[in-house]
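Dear colleague,

I am passing on the structure we spoke of, with the sequence alongside. Please open it before reading further, since my notes refer to it throughout.

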Amino acid sequence: MLVKTNAIVLRTIKYGDAKVIADLLTEHFGRLSFACNMPRTNKAKIKRQLFQPLTLLEIEFDHRPNIQLQRLRDARMPFPFASIPYNETKLAIALFVAEFLCYATRDEQQNEPLYKYVETSVRWLDGAQQAFANFHLAFMIRLSRFLGFFPNLENFSRGCLFDLRSGCFVTAIPMHNDYLQSADAEQLANIMRITPQNMHLFALSHNERNRCTQLAINFYRLHIPSFPELKSFDVLRAVYGD
């Protein structure tokens, strides 16, 4: 069945001399992988530059639910980036967020609210002129709401701990080792309050930002099976410094 949908590029893997495997998050079908021919000619209908991390696409393909690799018929870029590919910090954030999404949404079926959240967030990052250094932190925490394990802020108070398994702030040490001490718990509570509108009010040092990023990754690793360490975190860490 020939269908059209919006999609976000998460990852491409070279396959032979003129083909790539592209992992996309689609609005109407969730996660899908595509085999894409990439002829080395300017007349090619589908071009390589369409498949940079987090690129927003409109795609047309022959949807076959029982096939692992879909066949892409057409792709266009309705929202060309104005800044992400040309800003070192934004590009590092985009690479990190794309890799993060690749694992966080690995088994995701149709989830249009999640898709809309990601698309809106990517558009915001591209348009932001300043105060976007904490974007990935707020993005990671808020994405968990759409995946079913958003942390509960209700019981937060100064000096409490955060139980990573239950996603709750607690006053007593849990019966396991997967929890945050009070300083990290308070930092997590602060990050959960970040929105695009107030992001400029949250000043973190490079070390604090990198520490919070690792804590968020650890949180996801507990809730999503086989969630790995992210290679692109090294690039992001280098941009922000240690």
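Below are my notes on the nonpolar cores and on the pairing of strands.

Please bear in mind that this is a predicted model. The largest nonpolar core has 58 residues, and the members that touch the most others are Leu54, Phe100, Leu101, Val118, Leu143 and Tyr220. At least two residues of this core come from each of strand S1 (2-14) and helices H1 (88-104), H2 (112-127), H3 (135-147), H4 (182-192), H5 (206-223) and H6 (232-240), and of these H1 gives the most, with 10 residues.

Tyr220 may be a useful place to begin looking: if its neighbours within four places in sequence are left aside, Tyr220 is in contact with Phe100, Ala104, Met140, Leu143, Ser144, Leu147, Phe149 and Phe227. Another core, of 18 residues, lies apart from the largest one, and its members include Val3, Ala7, Ile46 and Leu57.

As for the strands, S5 (residues 69-76) runs parallel to S3 (residues 30-37), to which 3 bridges join it, and within that pairing Phe34 has Gln70 in S5 as its bridge partner. S5 also pairs with S4 (residues 56-62), here in the antiparallel sense and over 5 bridges, with Phe61 standing opposite Leu72 of S5. The connection from S4 to S5 is a hairpin of 6 residues. When you look at side chains along these strands, it may help to recall a general point: in a regular strand they alternate between the two faces of the sheet.

With best wishes

Conventions: Residues numbered from 1 in each chain as written. Predicted model: local features only at pLDDT ≥ 70, side-chain atom pairs only at ≥ 80, totals over all residues. Heavy atoms only, no water. Core = buried A, V, L, I, M, F, W, Y, C linked by side-chain atoms within 4.5 Å. Buried < 20%, exposed > 50% of the residue type's maximum accessible area, 1.4 Å probe, protein only. Helix = DSSP H or I, 4+ residues; strand = E, 2+ residues; numbered from the N terminus. Contact = heavy atoms within 4.5 Å. Pairing = 2+ DSSP bridges.
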